[in-house]
Every structure is written in structure tokens, then in C-alpha cells.
Amino acid sequence: MAADVGLDVVGYVKAVAWGDYDNDNRLELYVSRPREPNQLFHNEGPSTSGKWSFLEVGAQAGVQKPLDSFPSWFFDYDNDGWIDIFVSGSRGSLGQVAAESLGETHGAELPKLYRNNRDGTISDMTKAAHLDKIMLTMGSNFGDLDNDGYLDFYVGTGAPDRVF
């Protein structure tokens, strides 16, 4: 059935997240993939024949990075009523973490915080939110951890032997 509706993703997938990023009461799908561009599938809803379909809009929206990603989710980080996307990078090493702390270039994959512009486009807010740091995230979650009305998140890092 996935191919029939436009969701026939082929390849290795690390995370999927469902969320209504255009506030049309239909869920869209974000797919995080290692060594591949991430994908955002817009829910086109039912056609006149009643058949549902999804359209891949990741490049158009600008949410294909990081290319080696792992956890991701939709959440409204700026409390504007429109959900945003967080996706963390998973490629890096302890040597690259050390290089980063010394202010040197490192080449590790950084996370992305994408703000919903409410028009089908996304802005990369990673640097503005001070999240442009190596995280090597293997697990994560979010919630209002300090009960201040804003969503927070935490990441769990790890470096197990991995083969893709």
C-alpha cells in the first residue's frame, strides 16, 4: 500500500515522525535517513476518487539535512502554533568533538532545527538557537521539562560500533 500512496521509501531509515506542519488537519511524514537526504512527505489528502496520496517535498522545503541523521521529531519549539522539526546528526567522532571544542574545523554532522515559516517553507534556526554543536545523538525526546510553558529536549549520546 505504501507505493500506492507515494510512501515507498527504499533504503535505511533511522527515524520517522508524523506531524501536521501545514495545519490542514492531515498528518505529514518526516523520514530521517543515514547517508541519504531526509524526506518530508506532504499529505495531499484524498483525490476526487477517494485515493489518498503523499508528495515528497523535502528539497523544496529545505529539510534534507543532516545527511547522516538519526532521531527526529515535530514539535512547536517557538510556541507559535505551527510545528517545527528537529533532526540530529549522528556522524562524528570523539576526535571531532575535541576539534570542535578547540574551535577547529571538524566535518562532523550537526543537528538541524527547522522553523516552520507557515507557508510550506522552513528556516534553519540551528545556529540562532545555539544548537550547531556535535551531538552524536542516538536517542532523544522532548517535553516541558522545567514547566515554563516552552518545550525543551534532551539527547542521549553514544558511540557503539555501527555498520550501515
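**Salt bridges and the setting of strand S6**

Glu 36 is partly exposed, with a relative accessibility of 37%. This value, like those that follow, comes from a predicted model. Glu 36 pairs with Arg 33 in a salt bridge. The closest N and O atoms of this pair lie 3.7 Å apart, inside the 4 Å cut-off for such a contact. Arg 33 has a relative accessibility of 9%. Arg 33 is therefore classed as buried, since the limit for that class is under 20%. The salt bridge between Arg 33 and Glu 36 thus joins a buried arginine to a partly exposed glutamate.

Across the whole structure, the search returned 4 salt bridges. Another of them links Arg 26 to Asp 24. Here the closest N and O atoms are separated by 3.0 Å. Arg 26 has a relative accessible area of 25% and is partly exposed. Asp 24, at 24%, is also partly exposed. Both values lie above the 20% limit for burial.

A further salt bridge is formed by the side chains of Asp 124 and Lys 112, with an N to O distance of 2.8 Å. This contact links distant parts of the chain, the two residues being 12 residues apart. Asp 124 belongs to strand S8, which spans residues 122-124. Lys 112 belongs to strand S7, which spans residues 112-116. Asp 124 is partly exposed, at 41% relative accessible area.

Strand S7 also takes part in strand pairing. S7 and S6 run antiparallel and are joined by 3 bridges. Within this pairing, Leu 113 of S7 is the bridge partner of Phe 86. On strand S5, residues 69-75, the pairing with S6 is likewise antiparallel and comprises 5 bridges. Trp 73 stands opposite Phe 86 of S6. Phe 86 therefore has bridge partners in the pairings of S6 with S5 and S7.

Strand S6 covers residues 84-89. Of its 6 residues, 6 are buried. The strand is therefore largely enclosed by the rest of the structure. Burial extends to both faces of S6. One side carries Asp 84, Phe 86 and Ser 88. The other carries Ile 85, Val 87 and Gly 89. Each of these residues is buried. Phe 86, the residue that bridges to Leu 113 in S7, is thus one of the buried residues of the enclosed strand.

Terms used: Residues numbered from 1 in each chain as written. Predicted model: local features only at pLDDT ≥ 70, side-chain atom pairs only at ≥ 80, totals over all residues. Heavy atoms only, no water. Buried < 20%, exposed > 50% of the residue type's maximum accessible area, 1.4 Å probe, protein only. Helix = DSSP H or I, 4+ residues; strand = E, 2+ residues; numbered from the N terminus. Pairing = 2+ DSSP bridges.
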